[in-house]
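Here is a short tour of some local details that reward a closer look. Please keep the structure open beside the text as you read.

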Amino acid sequence: MKSNGRRDGGPMATAVSLDSTERPVVTIVMPTYRQAAFIRRAIDSARAQSLTEWELVIVDDGSPDETREIIAPDLADVRLRYLRFSRNQGLGRALNAGIAAARADLIAYLPSDDVWHRDHLASLVAALRSSPGAVLVYSGVRHHYNKYADGLIDGEPLQLVQALHVRTPDRWLERSELTTDDLDRMFWNRLRRRGAFTPTGQITAEWVDHPRQRHKLLREPVGGVNPYRVWYGVREPLRMQTTAGNLIDERRRYQAMRERPDTPPAPDGLRILLVGELAYNADRVLALEERGHQLFGLWLPDPQWYNTVGPLPFGHVTDIPLAGWRDAVQRIAPDVIYSLLNWQAVPFAHRILTENPGIPFVWHFKEGPFICLEKGTWNELIDLYQRADGRISSSPELRDWFATVAPETATGAPHLALDGDLPKRDWFGSERGPRLSATDGAIHTVVPGRPIGLHPQTVAELAAHGVHLHFYGDFTQRHWGQWIATTRALAPDHLHLHPNVDQEDWTREFSQYDAGWLHAFASRNGGDIRRADWDDLNYPARMATLAAAGVPMIQRDNRGAIVATR
């Protein structure tokens, strides 16, 4: 046995192998990360292949689980080699490292959560040898445990587990360039320029369906930048674009914030422990750091896509790892715990409150409390309000509503009102754009995000009065396809679709319009706060954006009702 160290443009990786003089026909590259429960099954499916002239290069992309120990017995097979990164580098880096270590002229892929059938390699090699001009061959595949595709899966790119290709100088796109679930963009498109992709027509592999598949962790609304960041332990800002979303370029967007030096601690500065998640416009917390406070972060371990968690891409917040967080809290000795923001954080925030008696605790709640009723976390939410040393609600109306359900919060500790999604003022320094109405004399309105309450018939009625509606957000538009089709049929010249707009362009873009739509709802509470629902109590996240861009806002006339937006 021999062991050697190597570098692949990142942290030190260690390779473990047995000497072998026989050159394999196929090198199997197996990327793995946090899949200790899967990997033995994948290795077994490789060792069961009818074609035996292969080598398997396992690339462990910094797994924090027991992957190394579980596969140790398999490394007695001289055909297996094990390469490990000290921390996660991303799928592209792992695949490139595996190919760089390959000794064969043919490359196949077996992700550690997938499975091959017995004749998979043999059928692929035979198909390639009988297909002049082919650079890649691919099998059919079983997927979602009882569905089958003779070739590509509808709506998905060619999967790694299906493919075998001739080794070329081409390389996989790496995380430092772009994070994406689009394997065509990552590699296949470059390979297609060299030759044909040929199907075998035989189903000899399984793309195993489970919640932690990489593409699911990447794609909104199930995955997204925050679930991906947490699962893979990504420390650096991401440049991400999935097949379901817009380009997110955290490196460009937050470069100036990251590169400025930390603000020196103020004489009266606090050590603030941020707990939970920061949702939209998360960089607003830098306003605290810019006042000379020191910020630390203890983040929700399993966020949804809009639950912003650390490591924060704009920097200036020191993360506390979940492992050993109690000792870390004692070590930093925070002056105050500031816990926030949406319903997903309630159980986590409650745990931190309970286990840190004596540290002043501020609870800032944005999302509708009704979801906590639905999700079964009502007890924790009420306990947070009753025991917190300070409370912040997203609107005065939500503050008043809580006084009816938890009367102890009506007196005693301070209870403030502050919208949790306020954007940082840095984004509103750009020049205003010219009004479209100055050009054509018509009224142009805008909805950034979902057109809640704007029914197609309403848009048609507005169009009859010459009022245009501009709908922003191509990701959102894909989920409102039927609404768009119906509205276009009723008002073909007055509905306009636009792509997503990032923060730095909000003022320039939205100032073109005469007014912007909030959530257009008719309240039913009749002036009784106890009958209020979430539409009544909420400030839509778009409100601060439109206001800071200088755009008047449209809301239904809810006189006689208690509503936060009126």
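Which residues does His496 touch, not counting residues up to four places away in sequence? On that count, His496 touches His468, Leu469, His470 and Phe471. Do keep in mind that this is a predicted model. His496 lies in strand 23, residues 495-498, and with a relative accessibility of 25% it counts as partly exposed. One of its partners, His468, also makes a polar contact with His496, side chain to side chain, at 2.9 Å. Gln457, by contrast, sits 16 Å from His496 in space, C-alpha to C-alpha, with their places 39 residues apart in sequence.

**A buried aspartate and a buried strand**

Let us move to Asp77, which is placed in the loop between helix 2 (67-71) and strand 5 (80-85). Is Asp77 buried or exposed? Its relative accessible area is 12%, so Asp77 is buried. The side chain of Asp77 has a polar contact with the side chain of Arg47, at 3.5 Å.

Strand 5 itself has five of its six residues buried, so the rest of the structure largely encloses it. Strand 5 pairs with strand 4 (residues 54-60) in the parallel sense, over five bridges. Within strand 4 and strand 5, you can find Leu56 standing opposite Leu80.

**One face of helix 5**

Helix 5 covers residues 183-192, and its buried residues are Leu183, Asp184, Met186, Phe187, Trp188 and Leu191. Why do these residues line one face of the helix? Seen down the axis of helix 5, the buried residues fall within an arc of 160°, so they line one face. As background, an α-helix has 3.6 residues a turn, so residues three or four places apart point the same way.

The buried residues of helix 5 pack against several elements: helix 3 (91-100), strand 6 (106-109), strand 8 (134-143), strand 10 (163-166), strand 11 (196-207) and helix 6 (214-218). At the N-terminal end, helix 5 is capped by Asp182, which has a side-chain oxygen 3.1 Å from the backbone nitrogen of Asp184.

**Nonpolar cores**

The largest nonpolar core has 71 residues, and the members that touch the most others are Leu273, Ile320 and Trp363. Trp363 makes a good stop on this tour. Leaving aside neighbours within four places in sequence, Trp363 is in contact with residues including Ser339, Leu340, Val346, Leu381, Leu384, Tyr385 and Ile392. There is also a second, separate core of 33 residues, which includes Ile28, Ala46, Leu56 and Leu121. Leu56 is thus a familiar name, having appeared above opposite Leu80. In soluble globular proteins, nonpolar side chains tend to be buried together.

**Aromatic pairs**

How many aromatic pairs does the structure hold? The count is 24. Two of them are set side by side here.

| Pair | Ring centres apart | Angle between planes | Arrangement |
|---|---|---|---|
| Tyr228 and Tyr232 | 4.7 Å | 45° | tilted |
| Trp401 and Phe402 | 5.2 Å | 90° | edge-to-face |

Tyr228 and Tyr232 both belong to helix 7 (residues 225-232), where they are four residues apart, about one turn of the helix. Tyr228 counts as buried at 1% relative accessibility, and Tyr232 is buried too, at 11%. In the other pair, Trp401 is buried with a relative accessible area of 5%, while Phe402 counts as buried at 0%. Trp401 and Phe402 also take part in one aromatic cluster, along with Trp363, Phe365, Phe370, Trp378 and Tyr385.

**Backbone details**

Finally, the backbone has some features worth inspecting. A cis peptide bond runs from Gly310 to Pro311, with omega near 0°, and Pro311 is placed in the loop between strand 15 (294-299) and strand 16 (318-319). Leu340 and Leu341 are joined by a cis peptide bond as well, with omega of about 20°. Leu341 is found in strand 17, residues 336-341.

Which alanines should you check for a positive phi? Ala279 has phi near 55°, and Ala333 has phi of about 50° although it is not a glycine. Ala279 lies in the loop between strand 14 (271-276) and helix 10 (286-289), and it counts as buried at 3% relative accessibility. Ala333 is found in the loop between helix 11 (325-332) and strand 17, and at 46% relative accessibility it counts as partly exposed.

Key
Residues are numbered from 1 along each chain as its sequence is written. This is a predicted model: local features need pLDDT of at least 70, side-chain atom pairs count only at pLDDT 80 or more; totals for chains, interfaces and linings use all residues. Side-chain values use heavy atoms; hydrogens and water are left out. Helices (H or I, at least four residues) and strands (E, at least two) are DSSP runs, numbered from the N terminus. Buried means under 20% relative accessible area, exposed over 50%, partly exposed in between (1.4 Å probe, protein chains only). A polar contact is a pair of N or O atoms within 3.5 Å; within protein, one must be able to donate a hydrogen and the other to accept it, and residues adjacent in sequence count only if both atoms are side-chain atoms. The arc is that of the directions from the helix axis to the C-beta atoms. Contact means heavy atoms within 4.5 Å. Two strands pair if DSSP finds at least two bridges between them. A nonpolar core is a set of buried Ala, Val, Leu, Ile, Met, Phe, Trp, Tyr and Cys residues joined through side-chain atoms within 4.5 Å. Rings of Phe, Tyr and Trp (its six-membered ring) pair if their centres lie within 6.5 Å; planes under 30 degrees apart count as stacked, over 60 as edge-to-face and the rest as tilted.
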